[in-house]
Each structure stands twice: as C-alpha cells, then as structure tokens.
Amino acid sequence: MILALLSDYNGGEMKIAESDISIKFAKDEQFWDVEAFWRNTIKVGYARCEQQGDRLVISDLKVEDECSIPWPFGNGFLVILGFAFRKVNFRGRGIGSKLLTRILSEATTTGMREVWGSVTQSDIAKTPGLLQWYEQMGFVVSEPHACISTAIKKITKKISNKTQP
C-alpha cells in the first residue's frame, strides 16, 4: 500500500471530475475576481479584471501548476510519514476555460462592449499554446499598445449584447 501511495505521489495523474471544480465570482464597482476551487476548499485558479467604462481588462488569469491537496484517505498515518499532501498540477484540465467563460458571461450580462488583455513573453514561455487558446475562445490576437511595455501581444474580444439597440 505504501508503495502505491508513493508512486502516485511521485507523478501519478490524479483524476479530477468536472464537479470537483467550482467557480466563484465577486465584483465591486471597478474590480472583478473570478476564482476556481477544488472541492470548494482549495483555490486552484483565479482571474482578476478591471472594468473601465464599457470595457473589461483581464489583468491576470492563472491556473495553479503545483497545488498541495490532501490525500483522500489515511491522513493521520500519512501526516506521520510526511505525506499528508500531494502536489497536483491543475493546468490542462479546462479550469482556465471555465474562468474565462465566466468572465465573458458576466461581461455580456453587465453590458460590456469589449474584453481585452495583454500577453507577455513569460506568459508564452510558461504556456506555449496560450495565443491559440485565446483564439479558440474567440479573441483576436494583435500587436499591443505602446503604453503596455511588457506585452508582446494584445488579446481582444468584442461582446455582442443583444439587449442593446
């Protein structure tokens, strides 16, 4: 049994059901926070946005690549052995898409005209398919504004609000 636990701890892939992830949304007059939680307890991703009139800026969007979660069994015994928690990569499991979908849904409901953000070289280095992912989510990738010195690309999505004339 211990060998099975150790082999899972050292790189076994943990299955995460879609129902294990919940998305929570909060906003004030200017800032939006969207957070993803594993089993409603451990934050595994987040997005921070800033509302600027009828435009929404995605300031940051991240899904954790190393998150400590408890083993589903034997916690007392595992604490003694020093294996109470295991590192799990939550990236590549659709959590970023859930966060972005919630942002776009709230932007539409709120009457935003556009959602945009910038992508840096370090974003691309960490997530090589990031620009393609944004395109799949309906964003247009373009050259950034000169005022955003760290950006190498700008992402933009126009929002169609059917309730507007």
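Q: Where in the chain is E64 placed, in a loop between which strands?
A: In this predicted model, one strand, β4, covers residues 55-63 and another, β5, covers residues 67-70. E64 lies in the loop between β4 and β5.

Q: Is E64 buried or exposed?
A: The relative accessible area of E64 is 19%. Buried means under 20%, so E64 counts as buried.

Q: Which residues does E64 touch, leaving aside those up to four places away in sequence?
A: Residues up to four places away in sequence are not counted here. The contacts of E64 are then K43, V44, G45, Y46, N89, F90 and R91.

Q: Which residues of β5 point to the buried face?
A: In a regular strand the side chains alternate between the two faces of the sheet. Along β5, S68 and P70 point to one face and are not buried. The side chains that point to the other face and are buried belong to C67 and I69.

Q: Which residue is the bridge partner of P70 in β6?
A: Strand β6 spans residues 85-88 and is joined to β5 by 4 bridges, with the two strands antiparallel. Within β6, the partner of P70 is F85.

Q: Which strands are the edges of the open sheet of 7 strands?
A: The strand order is β1-β2-β3-β4-β7-β9-β8, with mixed pairing. An edge strand pairs on one side only, and this holds for β1 (21-27) and β8 (140-142).

Q: Which residue of β4 stands opposite Y46?
A: Strand β3 (residues 42-52) runs antiparallel to β4, and 8 bridges join them. Opposite Y46 in β4 stands K62.

Q: Which element gives the most residues to the largest nonpolar core?
A: This core has 35 residues, and V44, F90, L100, V115 and F139 have the most contacts inside it. Elements that give two or more residues include β2 (31-38), β7 (114-120) and α5 (130-136). With 6 residues, the element that gives the most is α3.

Q: Which residue of β5 does V44 touch?
A: Not counting residues up to four places away in sequence, V44 touches residues including W38, V63, E64 and F90. C67 belongs to β5, and V44 touches C67.

Q: Is E29 buried or exposed?
A: E29 sits in the loop between β1 and β2. Its relative accessible area is 79%. The cut-off is over 50%, so E29 is exposed.

Q: How far apart in space are E29 and Q51, C-alpha to C-alpha?
A: In sequence, E29 and Q51 are 22 residues apart. In space, their C-alpha to C-alpha distance is 7.8 Å.

Methods:
Residues are numbered from 1 along each chain as its sequence is written. This is a predicted model: local features need pLDDT of at least 70, side-chain atom pairs count only at pLDDT 80 or more; totals for chains, interfaces and linings use all residues. Side-chain values use heavy atoms; hydrogens and water are left out. Buried means under 20% relative accessible area, exposed over 50%, partly exposed in between (1.4 Å probe, protein chains only). Contact means heavy atoms within 4.5 Å. Two strands pair if DSSP finds at least two bridges between them. A nonpolar core is a set of buried Ala, Val, Leu, Ile, Met, Phe, Trp, Tyr and Cys residues joined through side-chain atoms within 4.5 Å.
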